[in-house]
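Please examine the structure shown below before reading on. The paragraphs that follow treat its parts in turn.

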Protein chains: 2
Amino acid sequence: MNFSYQNQTAIHFGQGQIAKLAKSIDKQHKVLLAYGGGSIKSNGVYQQVLTALKDHAIVEFSGIEPNPSYETTMKAVELVKEENVDFILAVGGGSVVDGCKFIAAAAKFDGEPWDILAKNAPVNAAIPLGVVLTLPATGSESNSFAVVSKLSTKDKFAFGSPYVHPLFAVLDPDVMKSLPDRQLTNGIVDAFVHIMEQYLTYSVNAKVQDRFAEGLLLTLIEEGPKVFSANDDEVRANVMWSATMALNGLIGAGVPQDWSTHGIGHEITALYGLDHAQTLAIILPRMMSEMRKEKQDKLVQYAARIWGITEGDIDKKIDQAIEKTESFFHAVGMKTRFADYNLNEEVVDALVAQLERHNQTAMGERQAVTLERSKRIIRASL
Amino acid sequence: MNFSYQNQTAIHFGQGQIAKLAKSIDKQHKVLLAYGGGSIKSNGVYQQVLTALKDHAIVEFSGIEPNPSYETTMKAVELVKEENVDFILAVGGGSVVDGCKFIAAAAKFDGEPWDILAKNAPVNAAIPLGVVLTLPATGSESNSFAVVSKLSTKDKFAFGSPYVHPLFAVLDPDVMKSLPDRQLTNGIVDAFVHIMEQYLTYSVNAKVQDRFAEGLLLTLIEEGPKVFSANDDEVRANVMWSATMALNGLIGAGVPQDWSTHGIGHEITALYGLDHAQTLAIILPRMMSEMRKEKQDKLVQYAARIWGITEGDIDKKIDQAIEKTESFFHAVGMKTRFADYNLNEEVVDALVAQLERHNQTAMGERQAVTLERSKRIIRASL
């Protein structure tokens, strides 16, 4: 399949690379230093950033929440305009980065910024953006996409624009040392499912993209479970680099993509507040099972190359591969059922109604994930 | 290992993508359309380019030879200055792209341009550059490096600068349909050895980089031999994309690199005029054997993951892997001995003298390829 691919983000990877900020942002810029809660203050990242930017003019904005909200980010947009900020530095995980992408676009948007999310209004300009990543997970630090939620209406929408593609991203694996287990778990599962959404479709014989995707999956499977206890720089580096490569456009170039697990997952977060990755881990195994005919060739390839499953009939191989996938999620501390979050039968109709309201009635690489099939997937995931 | 990585090249991949040129180069530019011999005229690429650029001002420069020469490229530099060219479009394989990178830098260089090559004089500016690739091989279409030779002194030097990194590259696999077998063979082997130079070192447990490199090797092994007869778009696409990914900085980020096979290979081309890839295929197998202690872990990993060799003692595994590598070269029509080119014993001292003259006395990822070891490698390759 034809494609155009470009990724302009300059990656500065490794221990101590936060110091690179000093040269990465021109001194004439007025910088919005945007972050989430206070974790960057307790883990030392905040201080490292301030040291690197000691000669820059800085305005701070904190409080960008997980699943960044329209309501919060619009407060930052006001601040950006008031203070004539002309560079945004996102210091945090995917939520902070996504929030900052929306801030960057909304501050330059002529009209009602909500339309960027709800109506796909085109983004024609944005404030330039850089990232110091504190949680490897979403890949947002080197792609053009963001997801923002409106709390008041329980809507969760994505948008994308080359104008919000970060100019640089600092990836220092040491930031992972102070992350709570829950965030490490979320990051690993999030990255894993990003890869699966681009890999597990119908085959177009794109061997490079397939092998790259498989390489990332294998790395997460080998290194993910070690990251919680290992005092091992290499483990952290491998997980962090995998998460970035999982969604920087590379493995998805020239191949079909799915994203229906994300489609259902977003609605679960919007209605019940589960972490993004928690929703993906609940849905993916049942999505794989429901779509086993459409995805058969790739599921068999996945079973063989990732899990070494080559014996038995096709359905048995696929079942084993799904089981292995779910076991991997458990191995990194992730639960995989609605019941684990005290959610039951009632979610089925509520989620289907939400999908219908958002016109998510024909998702996936061949629009085969109808409302009926989504309903079956959700019910099977209770 | 810490690294910084950025690749700005916008890739336009697929059939018919040459038409993208119209929008990829601003119409206010005066474009140097640079190419090699006449092959782009017989295979239709030239006409496609002219059609796409029908509204652009164009100056043509042809005759950039394989292993582009300082002498030829300096003629283009004169033309560029005379005509006030402010964009260079390289239409060709790696030699044309490399030549154009040097033209782009030399035209803006304050001083003697030969110093860029011979004295590593810093490049601080260059004319912007785009590429229409006609031969998948060198990866030059999306990296910052080039190799240029001085015919009069038999010197072959590399240089690199972010200023000569192509802004875009059009990769249309259809161009491969009209390539002579010899060029297809060269391209596959060149890409393969590029990967090996970044992969076959000592292990730093960079799992993503390793798996990506292995994915590219496997793709070339599976698809390379098919490319000569297959009327198969997917085969061509896989080979072309592998060659680009083989040397765009990605698999080499954060890992040690070798390049000593290239070090010896360049001298063979300079002295005896063999194609670049021919020289690599002669040297690599013996380099692998000579450096088996230093590269032991990776050679064993290579044997297992690429060739499925897991039985026997370490030396046996390594020997088998080398044999498989050489057989793969043969399978794509590449010879692997000096004798195949009617070169014999006399090359040993001549090449060693040339290496010494160019201070190539401690090559490789740990500077372990001394003159003595190079001599042994060359002799073993007769």
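To compare two copies of a chain, the copies are superposed by least squares on the C-alpha atoms of residues with pLDDT of at least 70 in both. The structure considered here is a predicted model. When this procedure is applied, chain B can be laid on chain A with an RMSD of 0.0 Å, by a turn of 180 degrees and a shift of 0.0 Å along the axis. The two copies are therefore related as by a two-fold rotation axis. Both copies use the same surface, since 100% of the contact residues of chain B recur in chain A.

How many residues does the contact take from each chain? Chain B contributes 32 residues, and chain A contributes 32 residues. On the side of chain B that touches chain A, two or more residues come from each of strand 1 (3–13), helix 8 (207–223) and helix 9 (233–246) of chain B. Strand 1 of chain B gives the most to this side, with 11 residues. By character, the residues of the side of chain B that touches chain A comprise 11 nonpolar, 16 polar and 5 charged.

The pairing of strands across the two chains deserves attention next. Strand 1 (residues 3–13) of chain A pairs with strand 1 of chain B in the antiparallel sense, over 7 bridges. His12(A) stands opposite Ser4(B), which lies in strand 1 of chain B. These strands belong to an open sheet of 12 strands, in the order 3(A)-2(A)-4(A)-5(A)-8(A)-1(A)-1(B)-8(B)-5(B)-4(B)-2(B)-3(B), with mixed pairing. At the edges are strand 3 (57–61) of chain A and strand 3 (57–61) of chain B, each of which pairs on one side only. From one strand to the next, the twist averages 25 degrees.

Within chain A, strand 2 (residues 30–35) and strand 3 run parallel and are joined by 5 bridges. Here Ala34(A) stands opposite Phe61(A) in strand 3 of chain A. Helix 4 (residues 70–83) of chain A packs on the sheet and touches strand 2 and strand 3 of chain A; the direction of helix 4 makes about 160 degrees with that of strand 3 of chain A.

A contact between two helices completes the picture. The axes of helix 7 (residues 181–199) and helix 8 (residues 207–223) of chain A come within 10 Å and cross at roughly 160 degrees. Helix 7 of chain A is therefore roughly antiparallel to helix 8 of chain A, and the crossing is left-handed. Among the residues that meet are Ile188(A) and Phe192(A) in helix 7 of chain A, and Leu216(A) and Leu220(A) in helix 8 of chain A. The residues of this contact divide into 9 nonpolar, 1 polar and 1 charged.

Notes
Residues numbered from 1 in each chain as written. Chains lettered and ligands numbered in written order. Predicted model: local features only at pLDDT ≥ 70, side-chain atom pairs only at ≥ 80, totals over all residues. Axes fitted to C-alpha atoms, helices over the stretch in contact; angles between N-to-C directions. Helix = DSSP H or I, 4+ residues; strand = E, 2+ residues; numbered from the N terminus. Parallel < 35°, antiparallel > 145°, perpendicular 65-115°, else oblique. Left-handed = near helix turned anticlockwise from the far one by under 90°. Contact = placed C-beta atoms within 7 Å. Nonpolar A, V, L, I, M, F, W, Y, C, P; charged D, E, K, R; others polar. Pairing = 2+ DSSP bridges.
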